[in-house]
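Biologist: Got a minute to go through this one with me? Let's start with how the helices pack.

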Amino acid sequence: MNTKQLRYFIAIAGEGTFTKASAKLRVAQPALSQHLRHMEDELGVALLHRGTRGVQPTEAGEPQA
């Protein structure tokens with residue numbers, strides 16, 4: 001995992017959609033998806049629930065207090 005992947009994850013989770021995060025970061029949507037998938041594979045856990053109305057963090061993707 002690297003800082004770029006973390007930055008992308010934070011943007012996707014914060015914006016609620018890959019499309020909005022892509023526009024905010026000025027990064028192609030498929031690249032964001034690929035980085036997130038790589039991060040999830042590396043960690044061995046899903047970080048976001050993907051749906052037709054956007055994304056929601058999973059329990060593993062939620063910020064810890």
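Modeller: Sure. α1 and α3 are roughly perpendicular to each other. Keep in mind that this is a predicted model.

Biologist: What angle do the axes of α1 and α3 cross at, and how close do they come?

Modeller: They cross at roughly 110 degrees and come within 9 Å. An angle of 65 to 115 degrees counts as roughly perpendicular, so that is the label here. The crossing of α1 past α3 is left-handed.

Biologist: Which residues meet there?

Modeller: From α1, K4, Q5, L6, Y8, F9 and I12. From α3, L32, H35, L36, H38, M39 and E42. By class, this contact of α1 with α3 has seven nonpolar, three polar and two charged residues.

Biologist: Now the other pair. How do α1 and α2 cross?

Modeller: α1 covers residues 3-15 and α2 covers residues 18-25. Their axes come within 8 Å and cross at roughly 125 degrees. That makes α1 oblique to α2.

Biologist: Left-handed or right-handed?

Modeller: The α1 and α2 crossing is right-handed. On the α1 side the contact uses R7, Y8, A11, I12 and E15. On the α2 side it uses F18, K20, A21, K24 and L25. The residues of this contact of α1 with α2 split into six nonpolar, no polar and four charged.

Biologist: Let's move to the core. How many residues does the largest nonpolar one have?

Modeller: It has 13 residues. Those with the most contacts inside it are F9, I12, F18, L32, L36 and L48. α1, α2 and α3 each supply at least two residues of this core. α1 gives the most, with four.

Biologist: What does F18 touch, leaving aside its neighbours within four places in sequence?

Modeller: F18 is in contact with I12, Q29, L32, S33, L36, R50 and V55. Of these partners, I12, L32 and L36 are also named among the core residues with the most contacts.

Biologist: And E40, is that buried or exposed?

Modeller: Buried. The relative accessibility of E40 is 4%, and the cut-off for buried is under 20%. E40 is found in helix α3. Leaving aside neighbours within four places in sequence, E40 is in contact with V45, A46, L47, L48 and R50.

Biologist: A46 is on that list. Where is A46 found?

Modeller: A46 is in the loop between α3 and β1, the latter being residues 48-51. At 41% relative accessibility, A46 counts as partly exposed. Not counting residues up to four places away in sequence, A46 touches E40, T58 and A60.

Biologist: How far apart are A46 and E59?

Modeller: In sequence, 13 residues. In space, 8.9 Å, C-alpha to C-alpha.

Biologist: What about L43 and M1, how far apart are those two?

Modeller: L43 and M1 are 42 residues apart in sequence and 8.3 Å apart in space, C-alpha to C-alpha. L43 lies in helix α3. L43 is partly exposed, with a relative accessible area of 41%.

Biologist: Last topic, backbone angles. What phi does R26 have?

Modeller: R26 has a positive phi of about 60 degrees, although it is not a glycine. Most residues other than glycine have a negative phi.

Biologist: Where is R26 found, and is R26 buried or exposed?

Modeller: R26 is in the loop between α2 and α3. At 79% relative accessibility, R26 counts as exposed.

Notes
Residues are numbered from 1 along each chain as its sequence is written. This is a predicted model: local features need pLDDT of at least 70, side-chain atom pairs count only at pLDDT 80 or more; totals for chains, interfaces and linings use all residues. Side-chain values use heavy atoms; hydrogens and water are left out. Axes are lines fitted to C-alpha atoms, for helices over the stretch in contact, and angles run from 0 to 180 degrees between N-to-C directions. Angles under 35 degrees count as roughly parallel, over 145 as roughly antiparallel, 65 to 115 as roughly perpendicular and the rest as oblique. A crossing is left-handed if the near helix is turned anticlockwise from the far one by less than a right angle, and right-handed if clockwise. Contact means heavy atoms within 4.5 Å. Ala, Val, Leu, Ile, Met, Phe, Trp, Tyr, Cys and Pro count as nonpolar, Asp, Glu, Lys and Arg as charged, and the others, Gly among them, as polar. A nonpolar core is a set of buried Ala, Val, Leu, Ile, Met, Phe, Trp, Tyr and Cys residues joined through side-chain atoms within 4.5 Å. Buried means under 20% relative accessible area, exposed over 50%, partly exposed in between (1.4 Å probe, protein chains only).
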